[in-house]
Amino acid sequence: MADAPVNTTPNPALTALREQIDALDRELLALLNRRASLAQAVGELKKHEGSVVFRPEREAQVIDGMKAANAGPLKPESVAPIWREIMSACRALETPTRVAYLGPAGTFSELAALGYFGSSIVRVPCASIDEVFRTTTAGAADFGVVPVENSTEGVVARSLDLFLTTPLFIIGETSLFVRHNLLRKEQSLADIKAIVAHPQALAQCHGWLSYHLPDVERRPVASNAEGARLAALDPTLAAVASERAGSEYGLHVVAPAIQDDPHNRTRFAIVTHPERHPTPQASGHDCTSLVVSVNNRPGAVHDMLVPLKEHGVSMTRFESRPARSADQWEYYFYIDLQGHPEQPALSQALAQLRSVCSFFKLLGTYPLDVH
Ligand SMILES: O=C(O)C(=O)C[C@]1(C(=O)O)C=C[C@@H](O)C=C1
């Protein structure tokens, strides 16, 4: 049977609407270029003052302001990504932003870096979390993006350990919905010799893999994208990674969304060197992260919490890690507090807390993630 003829006559109503969209796009472009010129002027001013270009608190305030001003029909969750991109492009006119993350292309860390800084950045993919810290410490990148916790698997121990031993501090946070897919050269679940992925991804898909591929070896590799790269070279391997990694390496999605928790999220910290970047100023919605230790005696942890209660400071995270010291029952406590030390209640609570701790390190103060 012959195909029905395609109607090629333009619909006048559609044409009229598109003409309006074209005209508005031109106005938007002119306005965006005016905004970009202003950002360039800000950049000149900062160069003159010798101050840093990236201001996470200002970017958070701009996004908060735009979300509050949004009258629709744009959805509130569409506003933040649009303005992140606009500010990313404006920032790039002031100075390049070099961002290190666990690569190669297609990792969730890369997605987190692009989601936080926008796409006008210089990408510095690294082979491991250690290398992200080293590259940022050495100044080959201005910022590093490192995973700190996952809603299924808990803390990313290596990142927490490196917060202790490197001079870097946190200036921002971002979190990402993490959807893992089984990726392969062949479009089939048959004859898979090994599943290659980062240990965190293998753990986040433990239930699915145990049910569907119980006898297949799980082989940990440095990143999920590295697993995808290997699976592209060897058809007997399957990778667990993002769709983006799949298309990057020409793999089929054999099974989509195989993570055990459908709401699987990973939180990332944005780190930098304190000699190259000041602590962000208060944005109005801030978090202060620290790591402390107390001597191992009855009531020690209770004493740590008293200053917070006395000054009405909210704790949003409390995580413990073994200190690996001679006393095997010593712990480091990773604590997130609501607020900025510019606020007297928080600064007084911190001073009092410091006095009861045997070890105290501020990891950073930064604006909360805005979506
Ligand atoms: O307000 C500034 O300080 C700017 O440099 C401008 C701008 C922006 O585009 O709005 C760009 C980069 C900064 O991180 C913050 C904001």
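Helix H1 (12-49), helix H2 (56-69) and helix H3 (76-94) each supply at least two residues of the shell around the ligand, and that shell is a good place to start reading this predicted model. Beyond the ligand site, the chain has a domain assignment with four entries, from domain 1 (36-95) through to domain 4 (286-367). Two open sheets follow further along, one of five strands with mixed pairing and one of four strands with antiparallel pairing. A handful of backbone details in the loops round off the tour.

**The ligand site**

- Which residues surround the ligand? They are Ala39, Val42, Val53, Phe54, Arg55, Arg58, Glu59, Val62, Met87, Cys90, Arg91 and Glu94.
- Among the contributing elements, H3 gives the most, with four residues in the shell.
- If you are thinking about the chemistry of the shell, its make-up by class is seven nonpolar residues, five charged residues and no polar ones.

**Domains and annotation**

- The assignment splits the chain into domain 1 (36-95), domain 2 (98-178 + 265-272), domain 3 (181-255) and domain 4 (286-367); note that domain 2 is given as two segments.
- Taken over C-alpha atoms, the centres of domain 3 and domain 4 are separated by 40 Å.
- In the UniProt record, an unreviewed entry, residues 8-98 carry the annotation "domain: Chorismate mutase".
- That span, residues 8-98, is 78% helix and 1% strand, and its end C-alpha atoms lie 48 Å apart.

**The five-stranded sheet**

- Reading across this open sheet, the strand order is E8-E7-E9-E6-E10, and the pairing is mixed.
- Strand E8 (217-220) and strand E10 (252-255) are the edge strands, each pairing on one side only.
- From one strand to the next, the twist averages 35°.
- Helix H9 (residues 224-233) packs on the sheet, where it touches E6, strand E7 (194-197) and E9; the direction of H9 makes about 155° with that of E9.
- E7 and E8 pair in the parallel sense over four bridges, and the bridge partner of Ala197 in E8 is Pro220.
- E7 also pairs with E9, again in the parallel sense, over three bridges; here Ile195 stands opposite Ala238 in E9.
- The antiparallel part of the mix includes strand E6 (residues 181-184) and strand E9 (residues 237-241), joined by three bridges, with Leu182 opposite Val240 in E9.
- For side-chain placement in general, a regular strand has side chains that alternate between the two faces of the sheet.

**The four-stranded sheet**

- The order in this open sheet is E13-E14-E12-E15, and the pairing is antiparallel.
- Why does one side of strand E13 (315-322) and of strand E15 (359-367) lack a neighbour in the sheet? Both strands stand at the edges with a single partner strand each, so one side of each is left without a neighbour.
- The twist in this sheet averages 15° from one strand to the next.
- E13 and strand E14 (residues 331-338) are paired in the antiparallel sense by seven bridges, and one of the facing pairs sets Met315 opposite Leu337 in E14.

**Backbone details in the loops**

- Where does Pro73 sit? Pro73 is found in the loop between H2 and H3, and the peptide bond leading to Pro73 from Gly72 is cis, with omega near 10°.
- A cis peptide bond also runs from Gly103 to Pro104, with omega near 0°; Pro104 lies in the loop between strand E1 (98-102) and helix H4 (108-117).
- Asp191 has a positive phi of about 60° although it is not a glycine, and the residue lies in the loop between E6 and E7.

Methods
Residues are numbered from 1 along each chain as its sequence is written. This is a predicted model: local features need pLDDT of at least 70, side-chain atom pairs count only at pLDDT 80 or more; totals for chains, interfaces and linings use all residues. A residue is near a molecule or strand if its C-beta atom, placed from the backbone, lies within 6 Å of it. Ala, Val, Leu, Ile, Met, Phe, Trp, Tyr, Cys and Pro count as nonpolar, Asp, Glu, Lys and Arg as charged, and the others, Gly among them, as polar. Domain bounds come from an automatic or database domain assignment. UniProt positions are given in the numbering used here, feature names are shortened, and annotations may be inferred rather than shown by experiment. Two strands pair if DSSP finds at least two bridges between them. Axes are lines fitted to C-alpha atoms, for helices over the stretch in contact, and angles run from 0 to 180 degrees between N-to-C directions. Two residues are in contact if their C-beta atoms, placed from the backbone, lie within 7 Å.
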